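Q: I am new to this structure and would like to learn how to read its features one at a time. Could you guide me through them, beginning with a single residue?

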Amino acid sequence: MPLTGEYEPSPQSWVRDQVERYEATDGREGNTLRDTGLPVVVFTMRGRKSGKIRKIPLMRVEHDSAYALVASQGGAPEHPNWYYNLKADPDALMVQDGADRFDAHARELEGEEREIWWQRAVAAYPPYADYQKRTERLIPVLLAERRA
């Protein structure tokens, strides 16, 4: 069942514009991170405090129909807000990869499973390795898996 409620676009214009373009074209446009040419996926979730719908483009890290969400925030010392939203309600998640949209469950990865997905993430977007060097926190990796 798709997430419903009031949508509050990102305060960052580039994020807001990219999500709008991606959704309007089923991912034919707005499907890469700025000028990198590297693909993104749009994740939709519910804000833990406001209850409003939030949408974010993140790097496309997919394997066997599951998707990694890397909470890097460019190596900032704190986790991004979306991380806390998914920790509060891991079933309030929708994934859009191109025209494919599906409800998902998010879970944080640990140990060997996290390391495998971290390597996949770095292969998809090499700057993640530099982001980890910039921060003392272990950058969380969550996995979005389809819900039946």
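A: Let us begin with Asp 26, which counts as partly exposed, because its relative accessibility is 28% and that class lies between the limits of 20% and 50%. Please keep in mind throughout that this is a predicted model. Asp 26 lies in the loop between H1 and E1, and its phi is near 50°, a positive value in a residue other than glycine.

Q: Which other residue in the loop between H1 and E1 can I set beside Asp 26?

A: Arg 34 is also found in the loop between H1 and E1, and Arg 34 has a positive phi, of about 40°, although it is not a glycine. With a relative accessibility of 54%, Arg 34 counts as exposed, since the exposed class begins over 50%.

Q: Is Gln 18, in helix H1, buried or exposed, and what does Gln 18 touch?

A: A residue is called buried when its relative accessible area is under 20%. Gln 18 lies in helix H1 and, at 6% relative accessibility, counts as buried. When its neighbours within four places in sequence are left aside, Gln 18 is in contact with Gly 30, Asn 31, Thr 32, Leu 33, Val 40 and Pro 57.

Q: How should I read the contacts of a residue in a strand, for instance Arg 54?

A: The approach is to set aside the residues that lie close by in sequence and then to look at what remains. Arg 54 is found in strand E2 and, at 24% relative accessibility, counts as partly exposed. Not counting residues up to four places away in sequence, Arg 54 touches Glu 8, Phe 43, Thr 44, Met 45, Gly 47 and Asn 85. A separation can be read in two ways as well: Arg 54 and Val 15 are 39 residues apart along the chain, while their C-alpha atoms are separated by 11 Å.

Q: What is the volume of the largest pocket, and which residues are the closest to its centre?

A: A pocket is described by its volume and by the residues that line it. The largest pocket has a volume of about 920 Å³, and of the 34 residues that line it, the closest to its centre are Gln 12, Val 15, Ile 56, Pro 80 and Trp 82.

Q: Which helices and strands supply the lining of the largest pocket, and what kinds of residue are found there?

A: At least two residues of the lining come from each of helix H1 (13-24), strand E1 (40-46), strand E2 (53-59), helix H2 (81-88) and helix H4 (127-134). E2 gives the most to this lining, with six residues. By kind, the residues of the lining divide into 18 nonpolar, ten polar and six charged.

Q: How many aromatic pairs are there, and how is the geometry of Tyr 125 and Tyr 128 read?

A: A search of the whole structure finds six aromatic pairs. The rings of Tyr 125 and Tyr 128 have their centres 5.0 Å apart and their planes at 75°, so this pair is edge-to-face, a term that applies to planes over 60 degrees apart. Tyr 125 is buried, with a relative accessible area of 9%, and Tyr 128 is buried too, with a value of 3%. Ring pairs link Trp 118, Tyr 125, Tyr 128 and Tyr 131 into a cluster.

Q: Where does a charged side chain sit over a ring?

A: The charged end of Arg 146 sits over the ring of Phe 102, 3.8 Å from its centre. Another case is Lys 55, which lies over the face of Tyr 7, at 4.6 Å from the ring centre.

Q: Where is Glu 145 placed, and which residues is Glu 145 in contact with?

A: Glu 145 has its place in strand E7 (residues 141-146) and is partly exposed, with a relative accessible area of 28%. Leaving aside its neighbours within four places in sequence, Glu 145 is in contact with Ala 66, Asp 103, Ala 104, His 105 and Arg 107. Glu 145 and Met 94 are 51 residues apart in sequence and 9.8 Å apart in space, taken from C-alpha to C-alpha.

Q: Which helix holds Glu 115?

A: The place of Glu 115 is in helix H3 (residues 111-124), where Glu 115 counts as partly exposed at 37% relative accessibility. Glu 115 and Pro 140 are 25 residues apart along the chain, and their C-alpha atoms are separated by 11 Å.

Key: Residues are numbered from 1 along each chain as its sequence is written. This is a predicted model: local features need pLDDT of at least 70, side-chain atom pairs count only at pLDDT 80 or more; totals for chains, interfaces and linings use all residues. Side-chain values use heavy atoms; hydrogens and water are left out. On a 1 Å grid over the protein atoms alone, a cavity is a set of points where a 1.4 Å probe fits but cannot get out, and a pocket is an open set with protein on both sides within 12 Å along at least five of seven lines; lining residues have an atom within 4 Å of a point. Grid points are joined across faces, edges and corners, and a volume is the space filled by probe spheres set on the points. Helices (H or I, at least four residues) and strands (E, at least two) are DSSP runs, numbered from the N terminus. Ala, Val, Leu, Ile, Met, Phe, Trp, Tyr, Cys and Pro count as nonpolar, Asp, Glu, Lys and Arg as charged, and the others, Gly among them, as polar. Rings of Phe, Tyr and Trp (its six-membered ring) pair if their centres lie within 6.5 Å; planes under 30 degrees apart count as stacked, over 60 as edge-to-face and the rest as tilted. Buried means under 20% relative accessible area, exposed over 50%, partly exposed in between (1.4 Å probe, protein chains only). A charge sits over a ring if NZ of Lys or CZ of Arg is within 6 Å of the ring centre and within 35 degrees of the ring normal. Contact means heavy atoms within 4.5 Å.
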